[in-house]
Every structure is written in C-alpha cells, then in structure tokens.
There are 2 protein chains.
Amino acid sequence: MAERKRQLVADELRDAALMLLATRGFDAVTVDDIVAAAGMSRRTFFRYFASKEDVVVQFLADMGTDIIAGLAARPRTEPPSVALRHAFWVPLAACTDHEDHAERARIVARLILDTPALHARWLERQIQWRSALTAELAVRHSLDPDTDPYPRMAAGMALLAFDTVLHQWPAGGDEQRLAELTDRAFAVVAPALDALTASHNAG
Amino acid sequence: MAERKRQLVADELRDAALMLLATRGFDAVTVDDIVAAAGMSRRTFFRYFASKEDVVVQFLADMGTDIIAGLAARPRTEPPSVALRHAFWVPLAACTDHEDHAERARIVARLILDTPALHARWLERQIQWRSALTAELAVRHSLDPDTDPYPRMAAGMALLAFDTVLHQWPAGGDEQRLAELTDRAFAVVAPALDALTASHNAG
DNA sequence: CTAGTCGTGGCACCGAGTGTCAAGAGATGC
DNA sequence: GCATCTCTTGACACTCGGTGCCACGACTAG
C-alpha cells in the first residue's frame, strides 16, 4: 500500500526529470528545476535518487540482474558466444516490446551517450555487470577469475558488443535492426569468446 | 622560462595531492587539504587541474597519444593483434623504466581502481582513447567506423586487454611479469582481432 | 620611473549532496 | 472520538567541488 505510493512518487519524479533532461540537456537542468516540475521538495528527490545521474541510470538497474540470470539459465554446453548473445538479447528485446517504453529507452540511450557525466555512470554500471558476469563465467567454465584473464575479458567483450549496439541504436532509425545489430556485434567477438574451448582443453 | 615555473607549480601540487590521496584515500581528502599541504590557494589548484580527479587521471594524459602514435607507426601488414599489442606495450614499458616513476604509477593504479569516482574518470579516458583508436583502425583497414562495428570493437578489445593488465598489475608483485600479463591478455582477444582479415575479404 | 602583462589570492557565488529536526498524514489501540 | 506512534515530507543549514570576478604584486619593456 505504502509501497505503491513510493513507486508513484518515484515515477512522477523520474518522468519530470526525463522530460526536462531530454529537452534541455543534462547540465542545463538543476535538481531544483526537476522538483519544481514534479511539485516536490529538493530533499525528497535525494531520498528517491542518490544523485542527479541516478535518475537516468537507475533506468537500467534491473537489466544487469536480468542479464546475469539469463546467462545462468543457458545450458553450459552452449558456446560462450551464443550463451552471452542470448543473455544480452532478452532484456534488449524487452526494451522494444512496449511502444512508449521503447521510445523512452531511446531517449535514455541518447542522453547517456551525449552526456559525459552520465556516460561515466553508465560505464561504472557496466563494470558492475562485468564483475557479476566474470564470476558467472568463471564457475561456468571452472576457471579462476583472479589468475585466468578469460572470464573477465569474455565478460568485457560481451559488454563491448552490447555497448556497440547501444551506440548504433539511436543513430539508425528502424527498431527491427536491433536484432541484426546485436548479431553483428557478437559475431565480431565470437572468435575470441569461443577460442576458450580450445585453449581451455589445452591449458 | 615561465613554462618551467608552471610545470614546477603543477608538480608541487600533484606531489602533495598524490601523497595525501594515497595515504588517506580519495574521499577523505579535500582540495583545501591539498592546497594547504602545497602552500597555495584553492583557486590556483583549479587553474592547473580541472577537477580533483584530474590530478590523478592527468597522470595518464600522454599515454593515450603515445598509444595512438605507436599504432600509426606500426606497418599495416602486421596483424591487428600484434600491432595493437605493440602500441600498448610501449607506454606500459615506459612506466616501469624509472624506479620512482614505476612506484608512483602503481600508486596511481591502485588509487584509480579503488576509488569509484576515479575509476569513472579512467573509463572516460579509455573511451576517448577508443575513439581515437577506432579512427586509426578504420583508416588502417579501410573500413567505415560508423557502419562497421569492427574498428570500434577492436579498439575496445585492445583497451579491455590493457585494463585487465592494469587490474592484475598492482595485485601481483613482480614487475617483470608485466610483459607476460600483457601477452596473455592480448592473446585472449587476438582471435577476434585477427578474424578481420578473413571477414574483411569475405564481406 | 612608468605602463602593460601575467600569475596569484581572495571573495562571492552556484549546484550537488547530506544531516537534522519539526510538522503533517495515516494507521493503531483505547 | 481521541491519543499515539510511525513514516514521509519539507525546510534549513552545512560541506565540498567548481567558477567568475577583481584587485594586488611581480616581472618586463620602453
């Protein structure tokens, strides 16, 4: 009951923020502007979001856990490139499901790529995902993540593919090409990802 | 003449900052602490460094340009993995040349990896390098960096290898292993980097 | 000795983010 | 219905990073 109200307030804040940020740009909007538009106090804003950047980046909060869970759900017999591509594709496809959700996601993507401060936060988030992915890949292939560079770098390559897709997405127009972009990006890193099976058996 | 004094002041500031930051931690040291230790005014600090993070990150300013220049200097007949590994190895080896310079570099590396704010800046710097590397790789292989994902991802993979080396460097003890770490890291991404020659001729 | 230039310090200011406290809205118990 | 307890909110004050502005002092040219 109180939880719904909390979510409602957060949504109100987030919508007001996204609208202002997308139109005026990140740096030209202060937190006071946002709370004025949402009709709340400055202090309340920081109770719901840890920082101004957080309003935008929190948008991708669940995506990370979904990716990890998706990877864990893939059968271990699958080559790394395939398992990782599927794990990343699921939340990416979810973004394009709902019409308004997709448009908002593109706004967020643009905003993140255009704003240095947000880009930095997005990169930090990526690093968190990479840590989790590294751990998952380590157990998946029975490797020590501290000594063997493969798990960390495999996770990094998957994120690199994901980042490339995100970079090309707002630029192009069609949404259907998202799948194609994803396939092409993962195809580039696939040779290195799947070279594990040989080097693993060898080393 | 005046240039030497500028450099002298900057060094003074940087040394004082690094000493405090390394011992007390990044967040526990204010700019006022730094300028007090260096015997200068707060305003002067920001004339030499754009931000508190900049004191640490500027340490790696020249490295990026060196890497790009190093890549441009490699013969085009070289496979991408070899050319990139050499380009990254040169400034990395330079860090280990001078004794004190090496120790300071390790302090900086630790500081960057341990501090979220600095880590974010380092990632931003990496992105700048990636842009330059992408452009260089694009002309190097006659590809369009906007449509073909390879240049961007190849640059990203090289940086991923570099980042992995930096991550493993302060953890281990020996400096001689730096070359070994670099070789191993680049060996992981080499299959994807050198798959270009086949896909390029095919596509 | 004077005039122009440049680095510097001091000051005021903005914006992000935090701690603290009082007031109000509900839910609960009598 | 009323007291009470809790949870959220708003307001104020404060710290700190960062910037604009201006005046002072040093250094140089004529």
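**Entry 1: lysines over rings**

I started with charges over rings, and found Lys52(A) lying over the face of Phe26(A), 4.4 Å from the ring centre. I then looked at chain B, where the charged end of Lys52(B) sits over the ring of Phe26(B), with 4.4 Å to its centre. Note to self: this is a predicted model, so every value here is computed.

**Entry 2: aromatic pairs**

Next I searched the whole structure for aromatic pairs and got 14 over all chains. One I wrote down is Phe45(A) with Phe46(A), an edge-to-face pair at 5.2 Å centre to centre and 85 degrees between the planes. I checked how much of each residue is accessible. Phe45(A) has 0% relative accessibility, so I put it down as buried. Phe46(A) comes out at 32%, so that one goes down as partly exposed.

Then I looked up Trp122(A) and Phe162(A). Their ring centres are 6.1 Å apart and the planes meet at 55 degrees, so I logged the pair as tilted. This pair links distant parts of the chain: Trp122(A) belongs to helix α8 (residues 116–141) and Phe162(A) to helix α9 (residues 149–168), and the two are 40 residues apart. Buried or exposed, I wondered about Trp122(A)? Trp122(A) is buried, at a relative accessible area of 1%. Phe162(A) also has 1% relative accessibility and counts as buried.

I followed these two rings further and found one aromatic cluster, formed by Phe88(A), Trp122(A), Trp129(A), Phe162(A) and Phe186(A).

**Entry 3: DNA strand D**

Which residues come nearest to DNA strand D? There are 17 residues around the strand, and the nearest are Thr44(A), Arg47(A), Arg42(B), Arg43(B) and Lys52(B). Lys52(B) is also the lysine I noted over the ring of Phe26(B). On the DNA side, sugar and phosphate make up 43% of the strand D atoms that come within 4 Å of the protein.

I listed some polar contacts:

- Thr44(A) has a polar side-chain atom 2.4 Å from a phosphate oxygen of DNA strand D.
- Tyr48(A) puts a polar side-chain atom 3.1 Å from a phosphate oxygen of the strand.
- Arg42(B) has a polar side-chain atom 2.5 Å from a base nitrogen of DNA strand D.

I also asked where this surface comes from. The elements giving two or more residues to it are α3 (42–48) of chain A, plus α3 (42–48) and α4 (52–57) of chain B. α3(A) gives the most, with four residues. Sorting the surface near DNA strand D by class, I got seven nonpolar, four polar and six charged residues.

Conventions
Residues numbered from 1 in each chain as written. Chains lettered and ligands numbered in written order. Predicted model: local features only at pLDDT ≥ 70, side-chain atom pairs only at ≥ 80, totals over all residues. Heavy atoms only, no water. Phe/Tyr/Trp six-rings, centres within 6.5 Å; stacked < 30°, edge-to-face > 60°. Buried < 20%, exposed > 50% of the residue type's maximum accessible area, 1.4 Å probe, protein only. Lys NZ or Arg CZ within 6 Å of the ring centre and 35° of its normal. Near = heavy atom within 4 Å. Polar contact = N/O pair within 3.5 Å; in protein donor to acceptor, adjacent residues only side chain to side chain. Nonpolar A, V, L, I, M, F, W, Y, C, P; charged D, E, K, R; others polar.
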